Amino acid sequence: MSFSNLGLSDKVLAAVAAAGYTQPTPIQEQAIPHVLARRDVLGIAQTGTGKTAAFVLPMLTLLEKGRARARMPRTLILEPTRELAAQVKENFDKYGAGQKLNVALLIGGVSFGEQDAKLIRGVDVLIATPGRLLDHTERGGLLLTGVELLVIDEADRMLDMGFIPDIERICKLVPFTRQTLFFTATMPNEIRRVTETFLHNPQKVEVSRPATTASTVTQLVVGTGREAHQKREVLRQLIRSAQDLKNAIIFCNRKRDVAILHKSLVKHGFGAVALHGDMDQTARMAALEQFRKGEMPLLVASDVAARGLDIPDVSHVFNFDVPHHPDDYVHRIGRTGRAGRLGTAISLVAPADEKSLAAIEKLTGQDIPRSTEFAKVNDDAAHEPSEERQSRSRRGRGRQHQQDKPSAKPRNGTSGSGKRAPTSAPALPPSIGRPPVQREPSEPADHSHLPAFLLRPIRARA
Ligand code: AMP
């Protein structure tokens, strides 16, 4: 199947060719003809499947006819986070470069005045987070009665973030006759109820089971002590010893821990940035950009902040904490091993995490190999550097704020100085510059690239 058989316009086909895509992904192949036929679509697909282009490309084709009116957007896309909203806008900029469309973002952290000015000019595509969108409609600056097409993206994440009541309100503000495209990775009951209420005879398209992990990702569990500083020590050792670590996302369950871990890594000389919900928009975007460009090889993130981000070519994912929801594990490790590349996902498991780990293994139907090699580190790491303890207790006194401004340059390898380094080389082991080996997606996971010591005492789970 080629893109030219899907019914897309010549302009859009040219943009796709310019992007270098030769074949539609399964979700694109299945969804695009229905979108162009003006059907409602229920898409069950994870990020990484090409689902953004599955709605952006046909929308661009449909939008070639018609014009926007002041304060009345023609199409509306709802995203759970600002980063995802910005990412969708990038897709419109990329594929819609040949069209004169007005695409506006309504997200928190940007002034209302600026956003209002855009709405007055008339908007073809409005990409918004639910809260900010409702703020604008309540102020009277935005009318949703001209919306011809509504996209609800990452619906299960909207549910996790408590946005479903907002989504229901928004669905009632747009015309009953609009076309709706609804994307979710999983189908909990609450999401099913929303689709039954707001979609009209939808065409269901589903690609790959939501709870499957890619065979290109080598997974490993590393047992650690229960204390956070013990985990940090284990993490540092893992990062230093990984042979093919090019860049990594390190997930924590709580925003507070993202900030603590980020600060600790920087103190120990690693080139790291952080991403969590308490950071302002500019800092979040700057951090993400530094990570994307490879200026900072480590990104410490919370689930909400990192959900769905399109960061190509991540070699490693570390779960500093095991996620409480097994679905989040699948999403997290889906950040690596994309598009047939090799990836590694290592989870640090303290005794209290065993229950969450068991839930993950049940959901994915896989036993994850484990290493207990770090028992010694856990004992030794009881003696944490005192400065780290001090800075933690200092932070404990006030509301903690994330890094002031992500620096443009990574720091040098000396730990604990806290000063900016004169060099631009990230303070990571030399192995970090080496790209992961390519492997066919169908090949079984190969552990040979993991440090040998990690694999020695593997206990098979019953
Ligand atoms: P998404 O699932 O929308 O987050 O997309 C995941 C990645 O796949 C993005 O980096 C897209 O640029 C890329 N992508 C989208 N469509 C295609 C395609 N047809 N062929 C190759 N890559 C694609």
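I began by fixing the residue classes: Ala, Val, Leu, Ile, Met, Phe, Trp, Tyr, Cys and Pro count as nonpolar, Asp, Glu, Lys and Arg as charged, and the others, Gly among them, as polar. I noted that this is a predicted model, in which local features need pLDDT of at least 70 and side-chain atom pairs count only at pLDDT 80 or more, while totals for chains, interfaces and linings use all residues. Residues are numbered from 1 along each chain as its sequence is written, and side-chain values use heavy atoms, with hydrogens and water left out.

**Ligand.** By those classes, I found three nonpolar, eight polar and three charged residues in the shell around the ligand. Of these 14 residues, Tyr21, Gln28, Gly48, Gly50 and Thr52 come nearest, where being near takes a heavy atom within 4 Å. I then looked up polar contacts, which are pairs of N or O atoms within 3.5 Å. The side chain of Tyr21 places an N or O atom 2.4 Å from an oxygen atom of the ligand, and a polar side-chain atom of Gln28 is 2.7 Å from a ligand nitrogen atom. On its own the ligand has 500 Å² of accessible area (Shrake-Rupley method, 1.4 Å probe), of which the protein covers 78%.

**Ala242.** I located Ala242 in the loop between α10 (228-241) and β9 (248-251); helices (H or I, at least four residues) and strands (E, at least two) are DSSP runs, numbered from the N terminus. Ala242 counts as buried because its relative accessibility is 4%, and buried means under 20% relative accessible area with a 1.4 Å probe, protein chains only. Its C-alpha lies 9.8 Å from that of Thr344, although the two are 102 residues apart in sequence.

Methods
A polar contact is a pair of N or O atoms within 3.5 Å; within protein, one must be able to donate a hydrogen and the other to accept it, and residues adjacent in sequence count only if both atoms are side-chain atoms. Buried means under 20% relative accessible area, exposed over 50%, partly exposed in between (1.4 Å probe, protein chains only).
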